[in-house]
Amino acid sequence: MTLTLLVAILASMLAGLACTVGLWTRQAPIFPVLVLMASLAVGLGFGLSACASFLSLSLFGAFPHGLIVTDVGLLLLLGIAGFWAFARNAPRAAADAPPAALSPRRLRWLLCCALAITLVCALLTFVLLSLRSPHGAWDAWMIWNLRARFIMRAGSAWRDAFSGLLGASHPDYPLLLPLSVARLWQYLGWESQAAPTALAMLFTFSTVALAWASLAILRTPSQAALAALLLLGTSALLMHGAFQIADVPLGYFILATLAGLSLKDRLPERGTALLVVTGMTAGLAAWTKNEGCLVLVSVVLARASVLWRTRSWASWRHELRAFVSGLAPVLLVVLYFKFALAPPNDLLSHLGWHETVPRLLEPVRYVEMLRGLEKAVVDLGNAALINPLLVLLFYLVCVGIEPDERDRRGLATGLVTLGLMVNGYGLVYLTTSEALALHMANSAERLLLQLWPSAVFLAFLAACPPERSKG
Amino acid sequence: MMAGYPVRVRIGVLSVILFALLSSGLALGRALDPPPWTIAQDEITHYEARFRLLRSALPPKGVVGYFSEPDLPPRNLDWWKGFCLSEYALAPLILADNTTPALVIGNFRSASPERNAADPTLVLVRDFGDGVLLFRHQPR
C-alpha cells in the first residue's frame, strides 16, 4: 500500500515539477531553488491533477481507473511542456553565477540544530495526531472526505455529491481536496485514511518549506530558518494540518502566490515563468476553498495598486498577461464547477439588500466582530507555549525592519493583499445571516491561520537579517 | 554562540529558537497524552462499524430518511453529529432529515429504542443492533 501511495503522490508531484522547471536558475543558491520547486510541485501537482480529474469526470463520466488514466495524460502533457521549457531555459540558467550568501558558521549551526529538532518534533506530532483522528476534524470528514467518498463510491452518479439535500456539507465548496483524495484512493484501490493524511502532511510541511526556500533566496539562510522555526512552532498550524482542515492548503496557496510575486521582482529573468506559476497558485486557491476567490481578487487589486503607485504601466500589462495565462485554465475549471454543478452558496444566498444593509449599520456588530477577532488571535496561540504572533512582533522589535529595496513592491503587494483579505473576511462576518459570535467562534481562528504563513513570510522579508547587525 | 551580534539581535534570534523548541516539545507531549496506540478506536471509525451491516442492506444510491431519539430536537448538536456521521458512513446514499422516503434509518443511542415514535406508518425491516434500525413505510 505504501509503495502505491508513494507512486500516486510522485505522479502528482512530477506533474507539478514539470510546471516549475521554468523557475530553474543559478542566479540564486541551488538548494533553496530546488526546495522551492519541490514545494511548489506539491500544490501545483495536486491542484492541476484535481482540475484534470474534474474535467475528465465531467466530459467522459466516471469509468474504472478514470482518474488514473487522466493523471497519466496530464503527466505526459505537462512533462512535454516542462521538457521544452527546460531545454529553452537551461543554457541561460547555466550561464548565471551563484551568489554566496552564507550566515556565520556558529549561527548556522545553532539554527540548523534547532530546525532539525523542531522538524522531528513537528513530524512526530503530526503523525500522532493523525493516528488519533484518522478521519480528521469535523470539517474534514463532513465536507472534504465525504465528497471524496461520493466521487469514489457513486460511479456514474458522482454528481449526487452536489445535491441540495447535502446542504450541511457545503456542496458548493470547490473540489481540489476531495478529488485529490479520491484520486489517491483510486490508485490504492480502497479508501485508506492514509491518503487524506498524506495529502494533509504534504501541504502542511510544504508550506514551511516554501517559506524557507523563498526567504533563503530573497533574504538570508538565517532569516529563512527563523521563519521556518516560527511556523513549525505554531502548534495551531500542525493541529489543523493533521486534522485535514482545508485552511492549511489554502494558506499554502496564498503564500505561494505572494512569494512568487516577490521572487518575480528579484529574479527578472525568470519573471514570466514565476508569474505563470503565480497565476496558477492564485487560481488553485479558488479551487481549494471559496475564500480563494477573495485571494484572487485581493492579489490582482493589490498588485495593480502597487504598480499604479510606481507608475509601472508597461510592467503591469506584461505581468497581467503572464499571470492570466497561468490563471485562466484553472479559473475556467472553477467557474465551470460553480455555474454548472455547485448549488448556491449558503452565505451569499441570504444576502438580500433588505437584510444586509441594516446589518452593516448596526454598530454592535462591529464591536462583536472585533471581540471575535481578538478571541481568534488568542486562539491561534492556545495550543502553543506563547502566542506566535507575540513572538513575531518581539523578534521584529529586536532586529528592526530593513527591507531590501528590490523587495519593496513584493512586500507592498503582500501587505495590501492581506489587508484586503482581512477586510473581506470582516465584510462577510458583518453581513452574515448566522449568529455572528457563533459564526466567528467556528471559523475566525482558521481564517487567521490561512493568512499566518504569508504574514510570517512578509515579516521576515521586511526584518533586518541578523547577519547585517553583526559588528 | 552568537558573539559579535548586538544583544537585542541575540535576544530576538534566541526567542524564536526557544519558542519553536518549547512549543514543538509541548505539542509532542500533548499528542502523546494518551498515546494514540492505547486508544482502541477513534469515534468515527467506531461509528462506521455500527453502520457496516446496514450499508449492505441498503440500495447503493438514492435518498433514505433518517430519524433519531424523539427527545433530541433536530439541529441539536448531538442530533446533528449523529446525522452527519450517518451521512459520512453511508455515502453515496443521501440522508434526508425526515421520514418521507420509502426507506428510513433509525439511529439511536440506546440499543433498544422506542422504535416508531417518529412516524406510526413505519414498520421495522431489521434491527442491526447497537441502536441502528431500518424501517420502511407500511403499504396502504
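**Helix 4 against helix 9**

I looked up where helix 4 of chain A meets helix 9 of chain A, in what is a predicted model. From helix 4 of chain A I noted A:Ala122, A:Thr125, A:Phe126, A:Leu129 and A:Ser130. Across from them, in helix 9 of chain A, sit A:Leu238, A:Met239, A:Gly241 and A:Ala242. I sorted this contact by class and got six nonpolar, three polar and no charged residues.

Next I checked the geometry. The axes of helix 4 of chain A and helix 9 of chain A come within 9 Å and cross at roughly 40 degrees. Angles under 35 degrees would count as roughly parallel, so this pair goes down as oblique. I also wrote down that the crossing of these two helices is right-handed.

**Helix 4 again, facing chain B**

How many residues does each chain put into the contact? Chain A gives 50 and chain B gives 39. On chain A's side, the elements giving two or more residues include helix 4 (105-132), helix 9 (235-242) and helix 16 (388-399). Helix 4 of chain A gives the most to that side, with 14 residues. By class, chain A's side divides into 35 nonpolar, nine polar and six charged residues.

**Helix 17**

I tested the length of helix 17 (residues 408-431) of chain A. Its 24 residues, at 1.5 Å a residue, should span 34 Å, and the end C-alpha atoms are 34 Å apart, so the two agree.

Which residues of helix 17 of chain A are buried? Among them are A:Arg409, A:Leu411, A:Met421, A:Tyr425 and A:Tyr429. The cover over the buried residues of helix 17 of chain A includes helix 10 (247-266), helix 12 (291-309), helix 15 (363-380) and helix 18 (436-462) of chain A.

Conventions: Residues are numbered from 1 along each chain as its sequence is written. Chains are lettered from A and ligands numbered from 1 in the order in which they are written. This is a predicted model: local features need pLDDT of at least 70, side-chain atom pairs count only at pLDDT 80 or more; totals for chains, interfaces and linings use all residues. Two residues are in contact if their C-beta atoms, placed from the backbone, lie within 7 Å. Helices (H or I, at least four residues) and strands (E, at least two) are DSSP runs, numbered from the N terminus. Ala, Val, Leu, Ile, Met, Phe, Trp, Tyr, Cys and Pro count as nonpolar, Asp, Glu, Lys and Arg as charged, and the others, Gly among them, as polar. Axes are lines fitted to C-alpha atoms, for helices over the stretch in contact, and angles run from 0 to 180 degrees between N-to-C directions. Angles under 35 degrees count as roughly parallel, over 145 as roughly antiparallel, 65 to 115 as roughly perpendicular and the rest as oblique. A crossing is left-handed if the near helix is turned anticlockwise from the far one by less than a right angle, and right-handed if clockwise. The expected span of a helix is 1.5 Å times one less than its number of residues. A residue is buried if 20 or more other C-beta atoms lie within 10 Å of its own, exposed if 12 or fewer, and partly exposed in between; C-beta atoms are placed from the backbone.
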